[in-house]
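Me: I'd like a close look at one part of this model, with the charged side chains as the way in. Could you walk me through it in one go?

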Amino acid sequence: MQLPSTFEKLIEEVNQSDLYNKLILQLNKDFLLANIDLDFHEEILPTSLKFLLHEMVYKLIQEKFTEYLNLLYIIDVPEKQVKALNGDDLLKLSEEVSFLILKREWQKVWFRNNYS
């Protein structure tokens with residue numbers, strides 16, 4: 001599986017596979033497991049999804065760092081990828097981490113759909 005390199009390509013791939021709804025459900029499931037109060041509506045637009053996820057990750061990094069680390073652990077975002085990011089600009093960092101979260105969730109949904 002070749003993972004997309006941008007948010008737009010990821011959403012395009014998800015929509016082509018008709019799995020956007022499952023991606024949202026997976027995000028909701030993992031946020032619930034991490035005890036983070038964020039529940040995406042199943043009809044959320046991709047741009048809104050990107051914005052809300054970015055906002056939540058930024059807030060977690062700023063105010064609830066332990067919960068942020070727990071979320072990354074539950075979603076199973078590779079630690080190596082997170083450590084490779086530049087942490088100087090928190091806004092940019094949270095945007096990049098949000099994309100890593102979406103990529104990992106997409107990977108889970110894709111594998112489940114193709115190998116179940």
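Reply: Let's begin with Glu63: at a relative accessible area of 57%, this residue counts as exposed, because the cut-off for exposed is over 50%. Keep in mind that this is a predicted model. Glu63 belongs to helix 3, which covers residues 46–63. Its C-alpha atom is 33 Å from that of Glu13, and the two residues are 50 apart along the chain.

Now put another glutamate beside that one. Glu105 sits in helix 6, residues 90–115, and its relative accessibility is 0%, so Glu105 counts as buried. What does Glu105 touch, once residues up to four places away in sequence are set aside? The answer is Leu23, Gln26, Leu27, Asp30 and Ile75.

Glu105 also has a charged partner in its own helix. Its side chain meets that of Lys108 in a salt bridge, 3.4 Å from N to O. Both residues lie in helix 6, 3 residues apart, which is about one turn of the helix. Lys108 is buried, just as Glu105 is. Through shared partners, salt bridges join Glu105, Lys108 and Asp30 into one network.

The other link in that network is the salt bridge between Asp30 and Lys108, whose closest N and O atoms are 2.7 Å apart. Asp30 is in helix 2 and Lys108 in helix 6, so this pair ties together parts that are 78 residues apart in sequence. Asp30 and Lys108 are both buried. In general, side chains of opposite charge can pair when their charged atoms come close.

For a contrast, try Lys83 and Glu79. They form a salt bridge too, with 2.9 Å between the closest N and O atoms, but here both residues are exposed. Lys83 and Glu79 share helix 5 (residues 79–83) and sit 4 residues apart, again about one turn of the helix. The whole count comes to 6 salt bridges.

Back to helix 6, this time for its nonpolar side. The largest nonpolar core has 35 residues, and Phe31, Phe40 and Ile101 are the ones that touch the most other members. Helix 6 gives this core its largest share, 8 residues. Helix 1 (7–16), helix 2 (20–33), helix 3, helix 4 (65–75) and helix 6 each put in at least two. As a general point, nonpolar side chains in soluble globular proteins tend to be buried together. To see one of those hubs up close, pick Phe40: leaving out neighbours within four places in sequence, it is in contact with Ile24, Leu27, Asn28, Phe31, Leu49, Leu52 and Leu53. Leu27 turns up in the contacts of Phe40 and also in those of Glu105.

Last stop: the aromatics. There are 5 aromatic pairs in the whole structure. In one of them, the rings of Trp110 and Phe111 have centres 5.1 Å apart and planes at 85°, so the pair is edge-to-face. Trp110 also pairs edge-to-face with Tyr115, at 6.1 Å centre to centre and 70° between the planes. Ring pairs therefore link Trp110, Phe111 and Tyr115 into a cluster, as rings pair if their centres lie within 6.5 Å. How buried or exposed are the two partners of Trp110? Phe111 is partly exposed at 35% relative accessibility, while Tyr115, at 63%, counts as exposed.

Note on methods: Residues are numbered from 1 along each chain as its sequence is written. This is a predicted model: local features need pLDDT of at least 70, side-chain atom pairs count only at pLDDT 80 or more; totals for chains, interfaces and linings use all residues. Side-chain values use heavy atoms; hydrogens and water are left out. Buried means under 20% relative accessible area, exposed over 50%, partly exposed in between (1.4 Å probe, protein chains only). Contact means heavy atoms within 4.5 Å. A nonpolar core is a set of buried Ala, Val, Leu, Ile, Met, Phe, Trp, Tyr and Cys residues joined through side-chain atoms within 4.5 Å. Rings of Phe, Tyr and Trp (its six-membered ring) pair if their centres lie within 6.5 Å; planes under 30 degrees apart count as stacked, over 60 as edge-to-face and the rest as tilted. A salt bridge is a side-chain nitrogen of Lys or Arg within 4 Å of a carboxyl oxygen of Asp or Glu.
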